[in-house]
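Me: I should like a close look at a single part of the structure shown below. Please describe the packing of one helix in detail, and then set it in its wider context.

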Amino acid sequence: MTANTSKSKKLVRFLANNTVPILFLFICAFGIPLSGYSASYLISEIIVRLVRNSFLIVSLLIPILAGMGLNFGMTLGAMAGQIGLIFITDWGIVGLPGMILAMIISTPISMALGWLCGKILNMAKGREMVTSYIIGFFMNGIYQLVVLYGMGAVIPIRSKSLVLPRGYGIRNTVNLIGVRKALDDLLLIRIFGIPIPVGTFAVIALLCLFVLWFKKTKLGQDMRAVGQDMEVARAAGIRVEHTRIISIVISTVFAGYGMIIYMQNIGTLNTYNSHMQIGMFSVAALLVGGATVAKANIRNVFLGVVLFHLMFIVSPMAGKNLIGQAQLGEYFRVFVSYGVITMSLVLYEVRKKREQAVAGETLAAAQEVGA
Amino acid sequence: MRARRTLLIRLGAIALLIILSVVLFFVGKSHTVLVDNKATTREGTDLAALKLVEVEVNKLGSLELTPRDRDKFDVTGQKHKVTVTYTDERWEEHTIVRTFTVPLMQDMVMIEVPALVAFPESEQSVWLGKYEAPTYAVTMAESNEVVTDDLAVFMSDM
Amino acid sequence: MNARRPIELGRRFVHSFGLPRIIIALFLLSLFILAPFAGVNVGTSFSDTLNRFGMNAIMVLAMVPMIHSGCGLNFGLPLGIIAGLLGATISLQVNIPGPASFFLAILFCTPFALILGWGYGELLNRVKGGEMMIATYVGFSSVAFMCIMWLLLPFNNPTMVWGFSGSGLRTTISVEGYYLHVLNDFLAIRLGRHLVIPTGMLLFFAFFAFLMWAFLHTKTGTAMTAVGSNPIFARASGINVDRIRTLSVVMSTWLGAVGILVYQQSFGFIQLYMGPFYMALPAVSAILIGGASVNKASILNVIIGTFLFQGIVTMTPSVMNSMIHTDMSEVIRIVVSNGMILYALTRKTEAAR
């Protein structure tokens with residue numbers, strides 16, 4: 001009797017904790033046959049998405065560890081990476097050296113932006129997520145100021161083909177032909193005709209190892225303590241504000257590298273739009289993988305990329321085959337992307353309230369017993 | 001003491017990065033090497049364009065040039081090798097192999113093959129010159145508007 | 001001796017009014033002063049500013065109930081806008097031309113606003129503390145969901161649907177023939193050749209502003225303020241906190257619906273699909289510019305804030321374009337509006353007036 005009830009309880013608990021990924025499994029299970037895509041097409045597409053996006057999503061893990069929630073401010077890192085790419089394209093540096101140089105250039109910019117972001121978030125404790133979201137928009141304005149007005153005018157740009165006809169400001173799209181697939185093609189192998197960029201996967205694996213190692217270091221443990229309870233951490237002597245800022249700086253720097261990896265896979269830089277989208281999609285993918293605002297690990301990253309992008313890929317065709325309009329499928333996937341973030345946020349808050357209520361009740365009960 | 005050591009290590013790391021950046025700049029700088037088979041003048045003497053000549057830069061595959069012909073090679077880095085194979089009036093084949101260095105900040109250089117063939121032992125400035133692309137060829141016919149479309153999210157592929 | 005008093009008063013004024021607001025006000029004033037020198041007609045600019053003020057003011061007013069009840073800034077305004085869009089499209093579908101369609105639109109949007117607002121309010125009650133982030137994403141999700149709906153719902157008025165297939169609403173629908181400028185032209189005052197005051201629209205806003213002010217002084221209204229400033233005290237006084245919060249959300253949603261209808265009658269078009277997506281941000285930053293904070297707002301904040309914000313949005317392109325031949329208005333708008341929201345989010349204490 002008890003074995004059965006605890007088992008069903010475990011199942012219920014498992015379902016409750018993993019609502020979002022399971023929901024997505026259903027959507028994919030429904031949508032994949034509807035779309036009519038072949039397995040090999042889907043697998044090769046998913047490999048591409050894994051290569052492109054994983055690095056960016058892993059960069060979200062550290063702020064969650066430190067209790068800063070979902071770092072929508074990764075947009076800032078993306079902007080820094082893009083600026084690095086603009087410079088190397090202007091200077092004509094190609095291939096792997098170009099990519100690495102772009103990363104080196106993006107690092108100080110990411111560090112500065114991340115530090116600024118962290119400082120602002122420290123002023124808005126308790127509202128970190130909304131604030132990081134608005135910081136992303138705010139910095140977009142500054143980014144436009146630099147890239148759309150400053151470059152070519154105040155910041156010297158050598159190659160005319162990058163600049164708008166009016167003389168200053170970078171064009172809408174920048175052809176990254178120099179660094180296109182620079183990392184991907186480094187160690188490209190083919191399994192059953194599906195190209196697998198081992199080089200990029202190696203880099204992603206390195207980052208995962210770094211994150212795992214980092215969690216065990218003193219700084220990592222400090223962040224975890226700050227994430228669990230700021231006041232307790234402060235009492236234990238941890239410099240709470242400083243640790244929080246560091247977590248954002250690290251995240252922003254990695255987001256910059258991740259953006260460069262993303263861009264070298266795509267091959268074209270959409271100067272004014274790429275960085276704005278990337279934050280939302282990375283967060284959504286992470287949440288789909290089962291992460292919450294307070295807890296996320298590497299498993300969530302990869303599961304999330306696979307599930308989220310499967311949904312993303314099959315939706316238009318599934319919509320077309322189901323209702324006759326591909327546009328419907330496209331709107332559907334946008335709705336699902338935002339819906340999953342909404343649902344995750346709501347579930348997180350509800351669960352947090354319940355845990356606080358339970359803690360409060362046990363405390364009250366303990367006090368009653370004591371009295 | 002501890003603080004000064006940290007500072008020194010940090011400064012050392014930054015210096016290392018700067019050196020690395022410079023190295024990457026040199027290693028990764030791309031150039032376009034134009035090879036040109038046009039009649040040209042050197043030291044007062046007119047040199048005719050060659051009837052048929054094969055040119056190869058590094059190992060990028062040899063290109064055939066007829067008179068007035070021009071082609072290009074995209075290279076990375078500064079030091080390169082050019083191999084020229086031609087047949088003279090006595091139906092003998094000659095091969096000239098020369099190394100050359102492209103100036104770092106120069107995007108495009110041009111090798112005038114007739115000059116190289118005429119003076120195969122001369123220094124590179126005789127047959128290698130800087131080249132500036134004409135500006136009208138460079139500006140792309142793209143739309144002038146910068147579209148900062150917030151909702152481009154939904155039009156693009158992730 | 002005598003110089004100290006004004007400096008002290010000045011410093012207190014700056015501190016209470018907020019430095020960013022003063023900077024923005026001075027910026028706008030300088031734009032108006034520079035306008036004639038830049039060849040921009042002050043009368044036209046003023047008319048445009050008043051026009052945009054009227055267009056947006058009710059949506060900014062919609063922020064007030066939720067700020068009062070402690071639900072924070074209503075980033076989920078798109079939900080109310082959707083209710084308004086449903087009212088507008090149904091009114092056009094019913095096809096009664098002329099000013100009556102405007103009041104029909106308000107009539108039709110109300111049930112949607114009530115239902116959506118109620119659901120939204122219940123949701124926010126369960127997530128106290130994280131309202132703003134969830135509000136943002138509820139807004140986004142609902143806009144995306146409605147995109148699907150706009151394609152599927154059985155509208156068939158030829159002015160609204162795609163001509164070729166006959167089904168699925170167009171992205172922008174003109175309200176000409178229905179309620180275009182219905183409020184603007186009502187009792188409009190023409191001063192000279194350039195200055196037109198859209199009296200009808202301004203009176204409409206004044207009416208709602210007065211209603212809001214009156215409501216906040218009723219028993220329920222003061223209860224709402226109590227819930228926002230001190231929920232524990234409010235509950236101890238016997239106020240049903242959750243019910244008041246839901247009421248504030250419903251009010252905000254309904255005002256958002258009416259607000260978008262007022263916007264449409266001046267703008268001339270109904271914008272569907274992704275149109276409402278980012279519409280919360282201008283309203284949020286407008287009320288913050290006016291002096292509100294995350295948990296305190298007044299009608300005066302609405303008026304001052306909307307005027308300043310829309311003034312900058314109107315004046316910057318024309319004046320700056322003529323002066324330095326660069327259109328930096330977009331960048332300035334982004335920096336000012338988001339900077340203002342950041343300023344409000346990072347302040348610990350309540351704000352002024």
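Reply: The account below begins with one helix and then moves outward.

The model is a predicted one, in which local features need pLDDT of at least 70 and side-chain atom pairs count only at pLDDT 80 or more, while totals for chains, interfaces and linings use all residues. Residues are numbered from 1 along each chain as its sequence is written, chains are lettered from A and ligands numbered from 1 in the order in which they are written, and side-chain values use heavy atoms, with hydrogens and water left out.

The helix chosen is H5 of chain A, residues 74-91. Helices (H or I, at least four residues) and strands (E, at least two) are DSSP runs, numbered from the N terminus. H5(A) packs with helix H7 (residues 128-150) of chain A at an angle of about 15 degrees, and their axes are 9 Å apart. Axes are lines fitted to C-alpha atoms, for helices over the stretch in contact, and angles run from 0 to 180 degrees between N-to-C directions. The two helices are therefore roughly parallel (under 35 degrees; over 145 is roughly antiparallel, 65 to 115 roughly perpendicular and the rest oblique). H5(A) passes H7(A) in a right-handed crossing, that is, with the near helix turned clockwise from the far one by less than a right angle, anticlockwise being left-handed. In this contact (heavy atoms within 4.5 Å), H5(A) contributes A:Thr75, A:Leu76, A:Met79, A:Gln82, A:Ile83 and A:Ile86, and H7(A) contributes A:Ile135, A:Gly136, A:Met139, A:Asn140, A:Tyr143 and A:Val147. Of these residues 8 are nonpolar, 4 polar and none charged (Ala, Val, Leu, Ile, Met, Phe, Trp, Tyr, Cys and Pro count as nonpolar, Asp, Glu, Lys and Arg as charged, and the others, Gly among them, as polar).

H5(A) also packs with helix H11 (residues 240-266) of chain A, at about 50 degrees and with axes 7 Å apart. H5(A) is therefore oblique to H11(A), and the crossing is right-handed. The residues of H5(A) in this contact include A:Gly77, A:Ala78 and A:Gly81, and those of H11(A) include A:Ala255, A:Gly256 and A:Met259. This contact divides into 8 nonpolar, 5 polar and no charged residues.

H11(A) also takes part in a salt bridge (a side-chain nitrogen of Lys or Arg within 4 Å of a carboxyl oxygen of Asp or Glu). A:Lys125 pairs with A:Glu241, the closest N and O atoms being 2.7 Å apart. A:Lys125 lies in the loop between H6 (95-122) and H7 of chain A and A:Glu241 in H11, so the pair ties together parts 116 residues apart in sequence. Over all chains, 15 salt bridges are found.

Between chain C and chain A, by contrast, the count is 0 salt bridges. There, 42 residues of chain C are in contact with 37 residues of chain A. The buried area is about 3500 Å², with carbon and sulfur atoms giving 77% (accessible area, 1.4 Å probe, that two parts lose on being put together, summed over both).
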